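Visitor: Could you take me through one part of this model at close range? I would like to follow how its strands and helices sit together.

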Amino acid sequence: MHDLKRGGIAVIDFGSQYTQLIARRVRELGVYSEVYASDANPKQLIQHQPAGFILSGGPASVYEQNAPQLPAALAQSDKPVLGICYGMQLLAQASGGKVSPSASREYGPATITHRARSPLFDGLASELTVWMSHGDRLEAPPPGYHALAESDNSPCAAIGDMRRNRYGVQFHPEVRHSPQGAAILSNFLFRICACQKNWSAEAFIGDAVAKIRAQVKNERVLLALSGGVDSAVAGALIHRAIGERLTCVFVDHGLLRQDEAQQVARVFRHELGMNLIAVNAVESFLSALRGLTEPESKRKAIGKVFVDVFSQEARHLRDIRFLAQGTIYPDIIESAADSKSAKTIKSHHNVGGLPADLRFELVEPLRDCFKDEVRAIGAALGLPDAIVWRQPFPGPGLAIRCLGALTWERLEKLRAADAIFTSELDAAGLLRRGTAQSFAVLLPVKSVGVMGDKRSYEEVLVLRSVTTDDFMTADWARLPYDLLARVSARIVNEVAGINRVAYDITSKPPGTIEWE
C-alpha cells in the first residue's frame with residue numbers, strides 16, 4: 001500500500017501565526033504536509049521522507065540572541081527548501097547573507113516585481129500583489145543566491161539558489177491576501193520538489209480504514225462520541241473498518257447546546273445504526289467544575305472526568321482494548337504536544353487531559369487532518385449534512401462560553417440565548433452561508449437596565465459571528481442591523497436573567513474565535 005505521507009512537505013514552525021495555513025495550502029494542492037517545531041528531533045523531520053521543506057515566518061529577528069535557528073537536518077539535506085519571511089531571512093543568514101532592521105516596516109498589501117526567470121515564478125505576471133508582514137530585510141543575496149523579486153521596501157523580496165533548489169520569499173504566499181500565492185506554492189511543490197498529487201479525502205479514507213484494521217485487528221473499540229463532526233467522522237471511519245466491533249459511548253456532560261443530546265442519540269443510534277451507549281454524567285461534570293473560573297482549569301477538569309467516565313463504562317463492557325477519539329491536527333499543534341519550546345495556545349480535553357496511565361490504547365484516525373479535511377472526509381463517507389456541516393463546537397462545550405463560575409441556571413440561560421441567535425441566523429439564510437461560526441457567550445458581568453418600568457441588574461450576553469475559510473484567521477461578520485436588533489429583543493424578552501446584549505467585532509488575530 002502506498003504511504004500517503006511519503007514524499008510530501010515538512011513545514012518547520014518558527015512561531016508564525018500562519019504556520020498551519022502553510023500546511024493547509026499544501027494539502028489543498030494535493031500533497032501531504034506536516035508541521036514540525038523548529039527544535040524537533042531531526043529524525044522526526046525526515047520520518048516521512050519529505051520531498052522538500054518550507055520554513056515558516058516568525059516574530060523573532062534572526063540576529064537576536066536565542067532566536068530560533070535553522071535545523072541542522074536541513075543544512076545537511078539536499079532536498080529543496082522554501083523560506084517564508086523569517087524563514088527566508090534565516091536561510092539567507094545561514095548562507096552568509098546580512099539581515100538588518102528595515103527603516104520602514106512593511107505590513108499589508110505590497111507589489112513585487114520579478115524579472116529573473118525562475119521555476120518559483122514560472123507562468124506568473126511580472127508584477128504581483130502579495131501580503132507582507134516584516135520589520136527586517138535582507139540587504140543583499142548571500143553567495144550562490146540571486147534576487148528574484150523586489151518591492152519598494154525590499155530589494156530582496158524573493159531570492160533563489162537555483163543550483164541547490166533553495167528559495168526564499170519575504171512575503172506570505174499562504175494567505176488569501178496574496179492572490180497568486182497558491183500558484184507560487186504549486187510551482188515549489190511540482191516544478192521544484194517534483195511532488196505527486198496523492199492527498200485527497202477518498203485516498204485518505206482507504207488509507208485510514210486499512211490502518212485502523214492493522215492496528216485494531218480483531219479487538220473491540222470504544223469511541224468517545226461527542227456528536228460533533230470530528231468524533232462523528234472518526235466513528236464512521238472506524239465503523240467502516242471494523243463494523244459491529246465498535247461501541248460508541250456518548251457522555252451527556254450537560255454542556256451541550258439546546259436539544260443536542262437528544263439529537264446525537266437519534267442520529268447515531270437510529271439513523272446511522274451504530275452501537276451507542278448514552279451516559280448521563282451531568283452531575284459529575286458540574287461537581288468537578290464547581291467554583292472553577294479559569295479556562296485552563298475548566299478544560300483539565302473536564303478532561304479528567306471525561307476519562308474517568310470512560311474508564312468506568314469500559315468496566316461494564318468486555319474486552320475493550322482501544323479508545324477512539326476525534327482528535328484532529330490543530331488539537332495536536334495547539335496543545336504543543338511535540339515540542340519543548342512551543343507555547344501551548346490551549347489544552348484540549350482529548351490531548352492535554354489524558355493521564356499517563358490511561359489503560360486504553362488510542363485510535364485517532366483524524367489526528368493528521370484539518371477541520372475542512374474532516375468535513376470533506378465526512379461527506380465522502382456519506383454522513384448527513386446535519387452532521388458534516390454542524391456549527392463548530394469546542395470539546396469543553398458551553399463551559400468555555402459560559403465565562404466565570406458555572407451553574408445549571410447560567411448554562412440553561414446561555415443555551416436558550418444561543419438557540420435564539422442561531423435560529424434567527426438560520427431563518428435569514430446566514431447560518432451556513434455568510435458566516436462560518438456563530439454563538440453566544442455569557443459574561444460574569446451584570447449591568448443596570450430598565451424592564452417594565454423597574455430597575456434590573458442582570459447578566460450581559462455577547463453574540464459572536466465570524467467569517468473565515470480556514471479558522472486560522474477570521475473576520476467578524478457584518479450581520480444586518482435589523483437581524484441583530486431582532487435577536488437582541490428576543491433574548492432580553494424571552495430569556496430571564498439577561499438584560500443587555502453586545503456584539504463582538506474583534507477579528508482573529510488579535511482575538512481568537514472562542515472567548516476562552
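**The open sheet and its helices**

Guide: Happy to! This is a predicted model, and a good place to start is helix α10, residues 295-314, which lies across β10, β11, β12 and β13 and runs at about 145° to β10. Those strands belong to an open sheet of five, ordered β12-β11-β10-β13-β14 and paired in parallel. At the edges stand β12 (275-280) and β14 (361-363); each has a single partner strand, so one side of each is left without a neighbour in the sheet. Averaged over the sheet, and with direction ignored, neighbouring strands are turned by 30° against each other.

Let's look at the β14 edge. Here β13, residues 320-324, pairs with β14 in the parallel sense over three bridges. For F322, the bridge partner in β14 is E361.

Towards β12, another helix comes into view. Helix α8 (residues 260-271) lies across β10 (220-225), β11 (246-252) and β12, and its direction is about 165° to that of β12.

Now for a contact between two helices. Helix α6 (residues 201-216) packs with helix α7 (residues 229-242) at an angle of about 65°, their axes being 9 Å apart, and the crossing is right-handed. From α6, the residues taking part are F204, I205, A208, V209, I212, R213 and V216, and they meet L237, I238, R240, A241 and I242 of α7. By class, this contact of α6 with α7 has ten nonpolar residues, two charged ones and no polar ones.

Key:
Residues are numbered from 1 along each chain as its sequence is written. This is a predicted model: local features need pLDDT of at least 70, side-chain atom pairs count only at pLDDT 80 or more; totals for chains, interfaces and linings use all residues. Side-chain values use heavy atoms; hydrogens and water are left out. Axes are lines fitted to C-alpha atoms, for helices over the stretch in contact, and angles run from 0 to 180 degrees between N-to-C directions. Helices (H or I, at least four residues) and strands (E, at least two) are DSSP runs, numbered from the N terminus. A crossing is left-handed if the near helix is turned anticlockwise from the far one by less than a right angle, and right-handed if clockwise. Contact means heavy atoms within 4.5 Å. Ala, Val, Leu, Ile, Met, Phe, Trp, Tyr, Cys and Pro count as nonpolar, Asp, Glu, Lys and Arg as charged, and the others, Gly among them, as polar. Two strands pair if DSSP finds at least two bridges between them.
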